[in-house]
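Good morning, and thank you for joining this session. Please look at the sequence and the structure as they appear, and we shall then go through them together.

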Amino acid sequence: MTISFEGDSAALLFAEAVRATADHGRPISPRGLPTRELLGVRLTLTRPRARLLHLPPARILNPAFAAAETVWHLTGSDAPWIFDYNGGLRQYADDGVLRGAYGPRMRRWAGHVDQLAEVVRTLREDPDSRRAVIQLYDPARDAAGHRDVPCTLGFRFHLRQGRLHMATTMRSQDVWVGFPYDLFFTTVLHELMAGWVGADLGTYHHYVDSLHLYERDMPAAVGLPLVETGPTTAEMPELTAPWEDLDELLGQVRRGETLPAHPGWTQLGTAMHSYRLWKSGELERAEAIAGEVTGPLGAALVDWYAHLRARREARAASAAGAAR
């Protein structure tokens, strides 16, 4: 029996899914890690642009990493620059490379098939097609024993009555850590694809075989605030862009260039630029730039820096106490 959640924002879906997994998930211990699990879960987001989860103080994302990972996937990259935004990913790398990176599989399957281009072509030629599919899981690669195996199996797109709907299927999903970032990327892909095929943005569906919550995250999960239904969460700015300009656009975003025709993408690039400054030690400059970013992305980035500062101060106080 499928367990279903529907919401108009990432915050609502996240809160409901976390609460249900915490309350009703059955105990398992894959790789010796105590976990609570729900099998067969469907999450439906009715407003895909309300994609950015921000529920302080219980759950604060790194929005610069969400932006960077999205650019990284869409460019077809498995380059190590992604570690500049999330150093924790290094633990899953083999010889410095994340072997399960989505980008190469999506843009260069078997070394040459651009699955994004194939979906665009398919839906432009036959809008009612049921073959608009992107495959990520590859048994030939993923039985090789490397550390990083994609949790995402693939994406499907259906163009119906002028609206493009998207579905993602996951073999596994960490609801606390992974789900918010995956939802950010997939709904950006959804929005882009709708623009490329000349459709309105439809509903986003996220199917998960194993939705789980690690016991280590339970204390934080218990502190989640209640999220009311209704369009209370601000949507991200529009991110549609011409298919033919995608790769050039993504390069400009990564460099942090201002794009007057694409203010939404400018915001993503600015967030990435700000975080690079933070990582290089220019904290005040990074915070000043974050304060200039409008909308939900700017608010999330400001709170992320406040969270990092608080964490630094706590570590410093602990070290000082230990030295006495």
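How do the residues of the lining of the second largest pocket divide into nonpolar, polar and charged? Please keep in mind that we are discussing a predicted model. The answer is five nonpolar residues, one polar and two charged.

Let us put names to them. The lining of this second largest pocket consists of Ile 3, Ala 20, His 24, Arg 26, Ile 28, Glu 37, Leu 38 and Leu 39. The space inside the pocket comes to about 160 Å³. Three elements each supply at least two lining residues: helix 1, which covers residues 10-24, strand 2 and strand 3. Strand 3 contributes the most, namely three residues.

Strand 3 therefore deserves our attention next, as it gives the most to that lining. With which strands does strand 3 pair in the antiparallel sense? One is strand 2, residues 26-28, and three bridges connect the two. Within this pairing, Arg 26 stands opposite Glu 37 of strand 3, and both of these residues also appear in the lining of the second largest pocket. Strand 2 and strand 3 make a hairpin, with six residues between them. In the turn, Arg 31 has a positive phi of about 55°.

The other is strand 10, residues 200-214, which pairs with strand 3 over 10 bridges. Here Leu 39, another residue of the pocket lining, has Ser 210 as its bridge partner in strand 10.

Strand 3 also has a parallel neighbour. Strand 1, residues 3-7, runs parallel to strand 3, residues 35-45, and five bridges join them. For example, Gly 7 has Leu 45 as its bridge partner in strand 3.

We now turn to the largest pocket. What is its volume? The value is about 1700 Å³. Its lining is made up of 50 residues, and those nearest the centre are Asn 86, Leu 89, Tyr 92, Val 177 and Gly 178. Several elements give two or more residues to this lining, including helix 2 (63-74), helix 6 (178-196), helix 9 (263-279) and strand 10. The largest share is that of helix 11, with six residues. By class, the lining holds 24 nonpolar, 12 polar and 14 charged residues.

To close, I would draw your attention to strand 10 once more: this strand pairs with strand 3, and it also gives residues to the lining of the largest pocket.

Notes:
Residues numbered from 1 in each chain as written. Predicted model: local features only at pLDDT ≥ 70, side-chain atom pairs only at ≥ 80, totals over all residues. Heavy atoms only, no water. Pairing = 2+ DSSP bridges. Helix = DSSP H or I, 4+ residues; strand = E, 2+ residues; numbered from the N terminus. 1 Å grid on protein atoms, 1.4 Å probe; cavity = no way out; pocket = protein on both sides within 12 Å on 5 of 7 lines; lining within 4 Å. Points joined across faces, edges and corners; volume = space filled by probe spheres on them. Nonpolar A, V, L, I, M, F, W, Y, C, P; charged D, E, K, R; others polar.
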